[in-house]
Amino acid sequence: MALEPTTVTAGSFTVEQAAQSLSISVSSAPPWYTNRNYTIYVSYSSNESAPTVYTAGFSPTVIVNYANGQSQTLTASASMVVGPWGTQGSAAISWTPLWNYEASIYATYGGLTSNTVTGQVYAPTAFSGVSLSPTVVNPGALVAVNALLQYYVNGSWQPLPNATVSYAVVGPSGTVAQGTGVTGSNGEVSLNIQAPTQPGSYTVVLAFSPTSYGGLGNLLPSSATLALQVGQEAAGAYGFLTKYGKWILAAAVVAVAGAVIYFERRRRHGH
């Protein structure tokens, strides 16, 4: 904001008051994210001058107001330069947004109020510890999927509770199965998914959509993928061997052992 110069007459003296301006800008345009740091730049200028150059302190205050009533007050200790051309001051203040919907930022200094910069604030989300067991199954078998859903707030990744997580099983012909689950208080979700009935390679996709969560601020979507292999069900002579091979092998070992013992006994008795 700027003040135009004005002339004030007091007795026999005429004094021209200095024109001043105070403005702010942010290092990145919105939207802003809770896992990033930004710099708020504050600029001050005045036509107040001096015949010789000198420096003075410049300590503006930056106020960040959020849509849900939260606020941050940030201060900087910088300097301004006064010379024949006038007065110029600048300050850079580090800022990390709080999780919210919207932030409005402005600065104050020496009775001046700057312009206001407003933008949306988002918290990133991410899946971690994602697992699928087993990864190779027979058609129609149950598969266990587990994952932890987190969001970045207050400087760290934290569990996101009571959030709806959707899943889809995707094959060469498209989506063959889908459903949802809800994270617990620890942010974990457990799903039991039935494998497709057709053998082949599939992808299990987990997804979180912000529209499915009613929280205290904006969230970004996230997803994770897992590979699932559905094998050929046992069929025919090959399938019989595949399905019962270990039992046939065990029986064969027993039969061979019995034959060895039988012939060894005959040899010892001279037969």
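User: Happy to dig in! What order do the five strands of the open sheet take, and how is the pairing described?

Analyst: Gladly. In this predicted model, the open sheet runs β16-β24-β22-β19-β20, with mixed pairing.

User: What makes β16 and β20 the edge strands?

Analyst: Each of them, β16 (136–137) and β20 (174–182), pairs on one side only.

User: How do you know that β19 and β22 count as paired, and which way do they run?

Analyst: Six bridges join β19 to β22. Pairing needs at least two bridges, so the two strands qualify. They run antiparallel, and V170 stands opposite T203 in β22.

User: Now to the rings. Why is the pair of W32 and W95 called edge-to-face?

Analyst: The whole structure holds eight aromatic pairs. For W32 and W95 the centres are 5.1 Å apart and the planes meet at 80°. The distance is within 6.5 Å and the angle is over 60 degrees, so the pair is edge-to-face. W32 sits in strand β5 (residues 32–33) and W95 in strand β11 (residues 86–95), so this pair ties together parts that are 63 residues apart in sequence.

User: Why are W32 and W95 called buried?

Analyst: The relative accessible area is 0% for W32 and 1% for W95. Buried means under 20%, so W32 and W95 both fit. Ring pairs also link W32, Y38 and W95 into a cluster.

User: What makes the pair of Y33 and Y122 tilted?

Analyst: Their ring centres are 6.3 Å apart, with the planes at 40°. That angle is neither under 30 degrees nor over 60, so the pair counts as tilted. Y33 is in strand β5 and Y122 in strand β14 (residues 117–123), 89 residues apart.

User: Are Y33 and Y122 buried or partly exposed?

Analyst: Y33 has 18% relative accessibility, which is under 20%, so Y33 is buried. Y122 has 23%, which lies between 20% and 50%, so Y122 is partly exposed.

User: Where does T34 lie, and why is T34 called buried?

Analyst: T34 lies in the loop between β5 and β6 (38–46). Its relative accessible area is 4%, under the 20% limit, so T34 is buried. Beyond four places away in sequence, T34 touches residues including W99, V121, Y122 and Y152.

User: How do you know that the side chain of T34 makes a polar contact with Y152?

Analyst: The side chain of T34 reaches the backbone oxygen of Y152 at 2.6 Å. The cut-off is 3.5 Å, so this distance falls within it.

User: Which residues touch the most other members of the largest nonpolar core?

Analyst: That core has 30 residues, and F127, V145, L160, L206, F208, L219 and L228 touch the most other members. Strand β17 gives the largest share, six residues. Leaving aside neighbours within four places in sequence, L219 is in contact with residues including W99, Y122, L160 and F208. Another core, of 25 residues, lies apart, with M80, W95, L112 and V121 among them.

User: One last stop: why is L220 called partly exposed?

Analyst: L220 is at 25% relative accessibility, between 20% and 50%, so L220 is partly exposed. Its place is in the loop between β23 (218–219) and β24. L220 and A123 are 97 residues apart in sequence, while their C-alpha atoms are 6.1 Å apart in space. The contacts of L220, leaving aside neighbours within four places in sequence, include Y33, Y122 and A123.

Key. Residues numbered from 1 in each chain as written. Predicted model: local features only at pLDDT ≥ 70, side-chain atom pairs only at ≥ 80, totals over all residues. Heavy atoms only, no water. Phe/Tyr/Trp six-rings, centres within 6.5 Å; stacked < 30°, edge-to-face > 60°. Helix = DSSP H or I, 4+ residues; strand = E, 2+ residues; numbered from the N terminus. Buried < 20%, exposed > 50% of the residue type's maximum accessible area, 1.4 Å probe, protein only. Core = buried A, V, L, I, M, F, W, Y, C linked by side-chain atoms within 4.5 Å. Contact = heavy atoms within 4.5 Å. Polar contact = N/O pair within 3.5 Å; in protein donor to acceptor, adjacent residues only side chain to side chain.
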